[in-house]
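Thanks for coming. I will go through one model this morning, starting at its surface and working inwards.

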Amino acid sequence: MLETLDIPRDDRQELVVPAEALRQFVAQLFVQKSVFAADADIIAARLVEAGDYRRAHRVWARLSGVAGESGKGLFNPGFNPLPAPPPFNWSFASGSSGVAEPSRGGLRVLYYGREDAVLASQLMMLEPGRYRLTMRISGASPSADSLSWSIRCVPSPVVGEKNAGRTGA
């Protein structure tokens with residue numbers, strides 16, 4: 001479908017589309033089925049930017065081939081390498097602040113402690129309710145407060161935070 005819009009595939013990440021035009025385009029996806037799965041992350045990201053999270057998740061799940069596996073909380077809790085792209089699968093960062101990468105069914109994080117950074121993230125579609133965040137941690141940490149998980153309702157600020165080195169809520 002991107003080719004029919006005369007947009008070179010190399011420039012597809014520079015695509016800026018008004019929200020209403022994007023909604024019409026997405027409506028056609030389910031009729032034409034001509035968008036490549038590799039474009040799922042770009043299309044989902046544009047819908048997320050437009051604030052259309054539910055449609056973004058539906059399109060992402062369909063184009064990624066994970067429709068039956070997603071939408072029930074955390075997707076890919078084992079951090080396994082899967083073809084499904086972010087934002088509804090894990091996004092890992094690497095830079096001057098640290099690096100996060102999948103490792104043997106878990107997440108390996110090297111945090112240098114220089115500045116705050118998001119090293120791993122995932123956008124989830126959760127219904128209102130109570131949720132529990134648990135984790136097992138191994139290895140040395142320079143400080144109990146050096147790593148934390150943050151939860152927020154987009155586009156709102158953080159609504160919950162759990163330091164990786166502490167127990168309890």
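Leu-74, Met-124, Leu-126 and Tyr-131 together make a nonpolar patch on the surface, with an area of about 360 Å². Please keep in mind throughout that this is a predicted model. Of those four residues I will pick out Tyr-131, which sits in the loop between β5, residues 120–121, and β6, residues 148–152. Is Tyr-131 buried or exposed? Its relative accessible area is 53%, and the cut-off for exposed is over 50%, so Tyr-131 counts as exposed.

The loop between β5 and β6 also holds Glu-127, and that brings me to the charged pairs. As a general point, side chains of opposite charge can pair when their charged atoms come close. The structure holds four salt bridges, and I will go through some of them.

Glu-127 pairs with Arg-54, with 3.8 Å between the closest N and O atoms. Arg-54 belongs to helix α3, whereas Glu-127 is in the β5–β6 loop, so this salt bridge ties together parts that are 73 residues apart in sequence. Glu-127 has a relative accessibility of 49% and therefore counts as partly exposed.

Next is the salt bridge between Arg-55 and Asp-52, where the closest N and O atoms are 3.4 Å apart. The two partners fall into separate classes of accessibility. Arg-55, at 24%, is partly exposed. Asp-52, at 16%, is buried, because the limit for that class is under 20%.

Another salt bridge joins Arg-108 and Glu-101, and here the closest N and O atoms lie 2.7 Å apart. Arg-108 is partly exposed, at 39% relative accessible area. Glu-101 is partly exposed as well, with 30%.

That pair leads to the sheet. Which strands form it, and in what order? There are three, arranged β2-β3-β4 in an open sheet with antiparallel pairing. β2 and β4 are the edge strands, each pairing on one side only.

Take the β2 side to begin with. β2 covers residues 94–95 and β3 covers residues 98–103, and two bridges hold them in antiparallel pairing. Ser-94 has Val-99 as its bridge partner in β3, and Gly-95 has Gly-98. The two strands form a hairpin, with two residues between them.

On the other side, β3 is joined by six bridges to β4, residues 106–111, and this pairing is antiparallel too. Val-99 appears again here, standing opposite Leu-110 in β4. β3 and β4 also make a hairpin with two residues between the strands, and in it Arg-104 takes a positive phi near 45°.

Now for a residue in a loop. Where is Asn-89 placed? It lies in the loop between α3, residues 53–64, and β1, residues 91–92. Despite that loop position, Asn-89 has a relative accessibility of 3%, so it counts as buried. What does the side chain of Asn-89 reach? It comes to 2.7 Å from the backbone oxygen of Ala-84.

Leaving aside residues up to four places away in sequence, Asn-89 touches Trp-60, Phe-75, Asn-76, Leu-82, Ala-84, Ser-121 and Gln-122. Ala-84 is thus on the contact list and also supplies the backbone oxygen for the side chain of Asn-89.

Finally, the overall figures. The protein has three helices and seven strands, and along the sequence the pattern reads α-α-α-β-β-β-β-β-β-β. How much of the protein is buried? Buried residues are 30% of the 169 in the protein. The accessible surface comes to about 11,400 Å², and carbon and sulfur atoms account for 52% of it.

As for contacts, take those between residues at least 6 apart in sequence: 46% of them join residues at least 24 apart. The Glu-127 and Arg-54 pair, 73 residues apart in sequence, is one link across such a separation.

To recap the places I would look at on the screen: the patch of Leu-74, Met-124, Leu-126 and Tyr-131, the open sheet β2-β3-β4, and buried Asn-89 in its loop. I will stop there and take questions.

Technical notes:
Residues numbered from 1 in each chain as written. Predicted model: local features only at pLDDT ≥ 70, side-chain atom pairs only at ≥ 80, totals over all residues. Heavy atoms only, no water. Buried < 20%, exposed > 50% of the residue type's maximum accessible area, 1.4 Å probe, protein only. Polar contact = N/O pair within 3.5 Å; in protein donor to acceptor, adjacent residues only side chain to side chain. Contact = heavy atoms within 4.5 Å. Pairing = 2+ DSSP bridges. Patch = residues over 30% accessible without salt bridge, like charges linked within 9 Å, V, L, I, M, F, W, Y side chains within 5 Å. Areas by Shrake-Rupley, 256 points an atom, 1.4 Å probe, with all protein chains shown as cover. Salt bridge = Lys/Arg side-chain N within 4 Å of Asp/Glu carboxyl O.
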